[in-house]
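Here is a set of questions and answers for someone who wants to go through the model by region. Each answer ends on the value or name asked for.

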Amino acid sequence: MLTNSKLSHVSFTNAIPIYRKLSHANPSKRSLAVNNALKTVDPTATSVGSSNSEDVGFLGEKPTILVSEKLGEAGLNVLRSVGHVECAYELSQEELCTKISCCDALIVRSGTKVTREVFEAGKGRLKVVGRAGVGIDNVDLQAATEFGCLVVNAPTANTIAAAEHGIALLAAMARNIAQADASTKAGKWQRSKYVGVSMVGKTLAVMGFGKVGSEVARRAKGLGMHVIAHDPYAPADRARAIGVELVSFAQAIATADFISLHMPLTSTTNKIFNDDTFAKMKKGVRIVNVARGGVIDEDALVRALDNGIVAQAALDVFTEEPPSKDSKLVQHENVTVTPHLGASTKEAQEGVAIEIAEAVLGALKGELSATAVNAPMVAPEVLSELAPYVVLAEKLGRLAVQLVCGGSGIKSVKVVYRSARGPDDLDTRLLRAMVTKGIIEPISNTIVNLVNADFIAKQRGLRISEERVVVDSSPELPVDSIQVQISSVDSKFASAIAEGGHISIDGKVKFGEPHLTCVGSFDVDVSLQGNLILCRQVDQPGMIGRVGNILGEQNVNVSFMSVGRTSRRKKAIMAIGVDEEPNKQALDNIGAVPAIEEFVFLKL
Ligand SMILES: NC(=O)c1ccc[n+]([C@@H]2O[C@H](COP(=O)([O-])OP(=O)(O)OC[C@H]3O[C@@H](n4cnc5c(N)ncnc54)[C@H](O)[C@@H]3O)[C@@H](O)[C@H]2O)c1
Ligand SMILES: O=C(O)[C@H](O)COP(=O)(O)O
């Protein structure tokens, strides 16, 4: 008889979120599953505050939220209703790092640099960074992802404000409003000096035809301008719908009388307006920038202003904010400037504050955000139908890794989804992330969630591949079954090795609950709750009773039992679900049953 005397009691870092959705009162599968997907809390982290906030969807301690820049009162009130809110403005980088170690969330605007050091300092505690606005170029997204910290933004509430500011700058520049205002206030009366240019009939090139760009285009059309746009990713029909022609970058800059910038700052757009591109513009072009300063090479713009290629510029944003007092660009007589005011209307700030407060609180409760920047955005209806499969995926990963023999390095994992749906109708990113979480968390002290799953897997040299098999089942169900295979490893339960030589386990969702349905080549059916004992034995009468008695004697409650066999009186696998963890005596006694050839105890 072979007994597995070295039961592997893998050390589990089964982190319990401080902020758990109120699932006990009204169990919501979706909330639980999603909470699991985003679970990032270090159980050893010190909690703060003492008020119980169960009534608003959190269990246990209130979260602490640091707001590092001015945020609308309405949003602060939403945050205060559930958390401890500290508003601390103009913090040095050092002060921010010190404070962040005691915070669960950070809310910033464009003025706070959320660097790698900040994520390092917030490690284990900081779960979400909320950007109260659109641009996330001030947040180190790579570092956020590595630390499993979700970044959310508020992408819609300041669109109109930014578009209005763009149009205001366009008109102010064309009619020299700022310069004439300063001159008149200085006691001068310079009517001929400030003759402007008309906008009607002129060509405006909108660079970046997203939310703000398209609203600027709409308004410019109202001013009688001929509007063209350049955006490599914008759909032409959306542009056509408002009478705008999408053109190439070269065509846009060569034909425009006015250019308005509305693209994000990325590695591709960084200094995209430079000596070369200015040289290709129509002489006397006028440029508005309410996007990001970094898309313009500011020294090149000064040169283009000096040599007359650019007649005027109106800028709300700068590479360094605030720009230095003696900046040649800011001081240039043909340049109109504002201190990053695009989003600064009362209406926009209230809207942004509420939008970000809700997104941050949702993320703290474990919900996926529709405005997640560094995690897949999964539509609510998709989330809701995938919720039970999310639980199944994590449990299968967790089981599969415990079947690996100590010392075998895991390099390759394959997840096979059997589904009646085609690939376009099945978004598996969440499921893959949960399998990864299930595999990595039991063997490391890394907290894995939807944000960092792919990164952590890559970092550990773990290749996770996926395969979809179309089966003839109900397309109503997103997934018929999930199989997790671990290749090129030895198993501490040899029966878990399937024909292909890899560890293989399958599961299904039955009546909303995760079930283990196959181990290696053996069919079983056991609900994945509590813990699991797998035994391989010679198929014969009395085995269920014998093992059941051993467990009963040690007061271990059996929740499920299932036997799968190759054929009568040959090899069989017994899968036993147990509520409690059996003690060593119980496990030794099971191992001592003569017909039992191998067994393993697995924690779910
Ligand atoms: N000044 C302010 O206060 C203020 C306020 C709001 C937004 N913004 C900034 O304005 C910009 C646009 O904001 P949005 O809400 O419209 O964002 P958005 O994501 O809706 O639109 C950006 C558009 O730029 C396009 N784009 C990406 N790369 C491009 C490229 N190389 N060339 C041309 N287009 C490209 C994208 O396809 C997208 O359509 C962002 O940089 C944002 O930070 C500034
Ligand atoms: O990207 C944005 O949303 C704007 O630049 C606004 O930035 P602010 O929140 O710092 O005003």
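**Loops, ligands and buried positions**

Q: Where is K271 placed?
A: The model is predicted. In it, K271 has its place in a loop, and the elements on either side are β9 (258-261) and α11. The position asked for is the loop between β9 and α11.

Q: Is K271 buried, partly exposed or exposed?
A: The relative accessible area of K271 is 40%. Buried means under 20% and exposed means over 50%, with partly exposed in between. K271 is therefore partly exposed.

Q: What is the value of phi for K271?
A: K271 is a residue other than glycine, and its phi is positive. The value is near 50 degrees.

Q: Where does H340 lie, and what is its phi?
A: H340 lies in the loop between β12 (335-337) and α14 (346-364). Its phi is positive although H340 is a residue other than glycine. The value is near 50 degrees.

Q: Which ligand has an oxygen atom 3.4 Å from an N or O atom in the side chain of H340?
A: H340 is one of the residues that surround ligand 2. The 3.4 Å pair, however, links the side chain of H340 to an oxygen atom of another molecule, ligand 1.

Q: How much of the accessible area of ligand 1 does the protein cover?
A: A backbone N or O atom of G135 lies 3.4 Å from an oxygen atom of ligand 1. A nitrogen atom of ligand 1 is 2.9 Å from a polar backbone atom of V290. On its own, ligand 1 has 850 Å² of accessible area, and the share covered by the protein is 87%.

Q: Which residues come nearest to ligand 1, and how many are around it?
A: By class, the shell holds 12 nonpolar, 9 polar and 4 charged residues. There are 25 residues around ligand 1, and those that come nearest are K211, V212, D231, V290 and D316.

Q: Which residue has a polar backbone atom 2.6 Å from an oxygen atom of ligand 2?
A: The residues that surround ligand 2 include R131, A132, G133, V134 and G135. A polar side-chain atom of R131 lies 3.0 Å from a ligand oxygen atom, and a polar backbone atom of A132 is 3.5 Å from an oxygen atom of ligand 2. The 2.6 Å distance belongs to the backbone of V134.

Q: What percentage of the area of ligand 2 does the protein bury?
A: The shell around ligand 2 has 3 nonpolar, 5 polar and 3 charged residues. Taken alone, ligand 2 exposes 320 Å². The protein buries 91% of that.

Q: Which side chain is joined to that of R125 by a polar contact?
A: R125 is in the loop between α4 (116-121) and β4 (128-131). Its relative accessibility is 3%, so R125 counts as buried. A polar contact of 2.8 Å joins its side chain to that of D104.

Q: Why are the buried residues of α3 on the same side of the helix?
A: Helix α3 covers residues 93-100, and L96, C97 and I100 are buried in it. They are on the same side because they cover an arc of only 100 degrees around the axis. The face turned away from that buried side carries the exposed residues E94 and T98. The value that places the buried residues together is the arc of 100 degrees.

Q: Which backbone nitrogen lies 2.7 Å from a polar atom of the side chain of S562?
A: S562 is found in strand β20 (residues 558-565). With 10% relative accessibility, S562 counts as buried. The backbone nitrogen in question is that of D525.

Q: Which residues are joined by a cis peptide bond?
A: One of the two partners, P322, lies in the loop between β11 (310-315) and α13 (328-331). Omega of the bond is about -5 degrees. The residues joined are E321 and P322.

Q: How far apart are the C-alpha centres of domain 1 and domain 2?
A: Domain 1 takes in 64-153 + 349-365, and domain 2 takes in 158-188 + 195-337. Their C-alpha centres are separated by 31 Å.

Key. Residues are numbered from 1 along each chain as its sequence is written. Chains are lettered from A and ligands numbered from 1 in the order in which they are written. This is a predicted model: local features need pLDDT of at least 70, side-chain atom pairs count only at pLDDT 80 or more; totals for chains, interfaces and linings use all residues. Side-chain values use heavy atoms; hydrogens and water are left out. Domain bounds come from an automatic or database domain assignment. A residue is near a molecule or strand if one of its heavy atoms lies within 4 Å of it. A polar contact is a pair of N or O atoms within 3.5 Å; within protein, one must be able to donate a hydrogen and the other to accept it, and residues adjacent in sequence count only if both atoms are side-chain atoms. Accessible areas come from the Shrake-Rupley method with a 1.4 Å probe; for residues, only the protein chains shown count as cover. Ala, Val, Leu, Ile, Met, Phe, Trp, Tyr, Cys and Pro count as nonpolar, Asp, Glu, Lys and Arg as charged, and the others, Gly among them, as polar. Helices (H or I, at least four residues) and strands (E, at least two) are DSSP runs, numbered from the N terminus. Buried means under 20% relative accessible area, exposed over 50%, partly exposed in between (1.4 Å probe, protein chains only). The arc is that of the directions from the helix axis to the C-beta atoms.
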